[in-house]
Amino acid sequence: MSIKIDHINIVTSDLESAREFFAALGFTVRRSGELAGSWIANLTGLTNVKADYIGMTLPNDSVVLELLEFHSPIGNKDDSISQLNQIGYRHLALRVDNIDEVIADLKSRNIQILSAVQSYEPLSKRLCYVIGPDGVVIELAEYLKTGDEA
């Protein structure tokens, strides 16, 4: 059996702001459209579904980040989504080549950086969290070259 990640879905209250945020991280739009009709209602268990979506990918990556904005029915915002000890989905981690450069670029775009860069020595990793649209948490991770890598 072969299993691979196809896409990751993030529901947002403002599709364009979310697109701009992820574009700042290097994602590009690959597809977009509207979701409506009985198939999506049957799939989600929601009635009168009407939503717009944008599918974005990173260069040389096939996993799609699917951003979704529901116009009907509109969901509730969870104010605690950014609290890192909440049960359930916590964050999407993006591997970067130069975390300091990425953070400087995000700061210039007024994107909230949750913490200073931290080091996690067991994995030779530098990391920090960024707060995205609607409080979604993104981890930026830079792995330092140790000589053991393939």
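**Exercise 1. Place Ser38 in the fold and state its exposure.**

Ser38 belongs to helix α2, residues 38–44. Helices here are DSSP runs of H or I with at least four residues, strands are runs of E with at least two, and both are numbered from the N terminus. The model is predicted, so local features need pLDDT of at least 70 and side-chain atom pairs count only at pLDDT 80 or more, while totals for chains, interfaces and linings use all residues. Residues are numbered from 1 along each chain as its sequence is written, and side-chain values use heavy atoms, with hydrogens and water left out.

Step 1: take the relative accessible area of Ser38, which is 55%.
Step 2: apply the cut-offs: buried is under 20%, exposed is over 50%, and partly exposed lies in between, with a 1.4 Å probe and protein chains only.
Step 3: Ser38 is exposed because its relative accessible area is 55%.
Step 4: add a distance. Ser38 and Ser72 are 34 residues apart in sequence, and their C-alpha atoms are 13 Å apart in space.

**Exercise 2. Describe the overall fold.**

Step 1: count the elements. The protein has three helices and eight strands.
Step 2: give their order. From the N terminus it reads β-α-β-α-β-β-β-α-β-β-β.
Step 3: give the extent. The C-alpha trace spans about 55 × 40 × 30 Å along its principal axes.
Step 4: give the burial. Of the 150 residues, 35% are buried.
Step 5: give the contact range. A contact means heavy atoms within 4.5 Å. Among contacts between residues at least 6 apart in sequence, 55% join residues at least 24 apart.

**Exercise 3. Analyse the aromatic pairs.**

Step 1: set the criteria. Rings of Phe, Tyr and Trp (its six-membered ring) pair if their centres lie within 6.5 Å; planes under 30 degrees apart are stacked, over 60 edge-to-face, and the rest tilted.
Step 2: search the whole structure. Two aromatic pairs turn up.
Step 3: classify Phe21 and Phe22. Their centres are 4.9 Å apart and their planes stand at 90°, an edge-to-face pair.
Step 4: classify Phe22 and Phe27. This pair is edge-to-face because the planes are at 85°, with the centres 5.6 Å apart.
Step 5: join them. Phe21, Phe22 and Phe27 form one aromatic cluster.
Step 6: check burial. Phe21 counts as buried because its relative accessibility is 6%. Phe22 is buried at 1%. Phe27 is buried as well.

**Exercise 4. Map the nonpolar cores.**

Step 1: define the set. A nonpolar core joins buried Ala, Val, Leu, Ile, Met, Phe, Trp, Tyr and Cys residues through side-chain atoms within 4.5 Å.
Step 2: size the largest core. It holds 25 residues. Phe22, Leu25, Leu67, Leu106, Val130, Ile138 and Leu140 have the most contacts inside it.
Step 3: list the contributors. α1 (15–24), β3 (50–57), β4, β5, α3, β7 (125–131) and β8 each supply at least two residues of this core. The largest share, five residues, comes from α1.
Step 4: find a separate core. Another core, apart from this one, has seven residues, including Ile40, Ala51, Tyr53 and Leu68.
Step 5: inspect Leu67. Beyond four places in sequence, the residues in contact with Leu67 include Ile10, Phe22, Tyr53 and Met56.

**Exercise 5. Characterise Val130.**

Step 1: locate Val130. It sits in strand β7.
Step 2: judge burial. Val130 is buried because its relative accessibility is 1%.
Step 3: check a pair. Val130 and Gln112 are 18 residues apart along the chain, with C-alpha atoms 5.9 Å apart.
Step 4: list contacts. Beyond four places in sequence, Val130 touches Phe21, Leu106 and Ile138, among others.

**Exercise 6. Compare the linings of the two largest pockets.**

Step 1: define a pocket. On a 1 Å grid over the protein atoms alone, where a 1.4 Å probe fits, a pocket is an open set of points with protein on both sides within 12 Å along at least five of seven lines; lining residues have an atom within 4 Å of a point. Volume is the space filled by probe spheres set on the points, which are joined across faces, edges and corners.
Step 2: take the largest pocket. Its volume is about 490 Å³. Of its 18 lining residues, Val11, Thr12, Ser13, Asn76 and Lys77 lie nearest its centre.
Step 3: take the second largest. Its volume is about 400 Å³. Of its 14 lining residues, Arg95, Val96, Asp97, Asn98 and Glu142 lie nearest its centre.
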